[in-house]
Amino acid sequence: QVQLVESGGGLVQAGGSLRLSCAASGRTFSFNAAGWFRQAPGKEREFVAAISRGGTITYYQDSVKGRFTISRDNAKNTVYLQMNSLKPEDTAVYYCAAGTKFLSNSNYYQTRSYDYWGQGTQVTVSS
């Protein structure tokens with residue numbers, strides 16, 4: 001079993017930055033994929049970014065490319081999401097996810113590719 005705890009959310013003005021962290025505990029050696037999803041009020045949960053076990057392969061939703069950067073420190077069992085140039089439309093609850101599957105172009109964006117989820121952290125971007 002793997003437990004994920006997110007932190008770093010908050011209120012920021014448009015154009016500002018935040019860095020989210022996701023600390024994993026438990027059987028962390030068992031997970032390969034790691035990613036971030038978000039859910040705005042009244043909308044479905046959507047993919048934001050994902051990273052392979054070694055950190056060499058990353059995937060991004062088109063709307064965050066060039067603004068967000070996902071990274072991981074396996075020694076610390078932590079995944080990060082650096083968010084720059086934030087926009088009001090980035091406002092959502094952000095969820096960390098991890099899974100045992102290996103990511104590919106056909107599955108990185110699917111929630112079913114991930115086995116473990118954090119409780120979420122609120123990000124609010126004011127205009």
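Here are some friendly notes on this predicted model, taken point by point.

1. Let's start with the four-stranded sheet. The sheet is open, its strands pair in antiparallel fashion, and their order is S1-S3-S8-S7. Strand S1 (2-7) and strand S7 (68-73) form the edges, each pairing on one side only. From one strand to the next, the twist averages 15°.

2. At the S1 edge, S1 runs antiparallel to strand S3 (residues 18-26), and six bridges join the two. If you would like a pair to look for on screen, try Val 5, whose bridge partner in S3 is Ala 23.

3. At the other edge, S7 and S8 are also joined by six bridges, in the antiparallel sense. Here Ser 71 stands opposite Tyr 80 of S8. The hairpin that these strands form has four residues between them, and Asn 77 takes a positive phi near 50° in this hairpin.

4. S7 is a nice strand for viewing side-chain alternation. Phe 68, Ile 70 and Arg 72 point to one face and are buried, whereas Thr 69, Ser 71 and Asp 73 point to the other face and are not buried. Do note that Arg 72 belongs to the buried set.

5. Now for the cysteines. The structure has one disulfide, which joins Cys 22 to Cys 96 with an S to S distance of 2.0 Å. The link is left-handed, with -80° about the S-S bond. Cys 22 lies in strand S3 and Cys 96 in strand S9 (residues 92-99), so the disulfide ties together parts that are 74 residues apart in sequence. Cys 22 counts as buried because its relative accessibility is 1%, under the 20% cut-off. Cys 96 is buried too, with a relative accessible area of 1%.

6. Next, the nonpolar interior. The largest nonpolar core has 28 residues, and those touching the most other members are Trp 36, Leu 81, Met 83 and Tyr 94. At least two core residues come from each of S1, S3, strand S4 (33-39), strand S5 (46-51), S7, strand S8 (78-83), S9 and strand S11 (121-126). In soluble globular proteins, nonpolar side chains tend to be buried together.

7. Tyr 94 deserves a closer look. Leaving aside neighbours within four places in sequence, its contacts include Trp 36, Leu 81 and Met 83, along with Glu 6, Arg 38 and Thr 121. Phe 37 is another of the residues in contact with Tyr 94, and Phe 37 belongs to a second, separate core of nine residues that also includes Phe 47, Tyr 108 and Tyr 114.

Notes:
Residues are numbered from 1 along each chain as its sequence is written. This is a predicted model: local features need pLDDT of at least 70, side-chain atom pairs count only at pLDDT 80 or more; totals for chains, interfaces and linings use all residues. Side-chain values use heavy atoms; hydrogens and water are left out. Two strands pair if DSSP finds at least two bridges between them. Axes are lines fitted to C-alpha atoms, for helices over the stretch in contact, and angles run from 0 to 180 degrees between N-to-C directions. A disulfide is a pair of cysteine sulfur atoms within 2.5 Å. Buried means under 20% relative accessible area, exposed over 50%, partly exposed in between (1.4 Å probe, protein chains only). A nonpolar core is a set of buried Ala, Val, Leu, Ile, Met, Phe, Trp, Tyr and Cys residues joined through side-chain atoms within 4.5 Å. Contact means heavy atoms within 4.5 Å.
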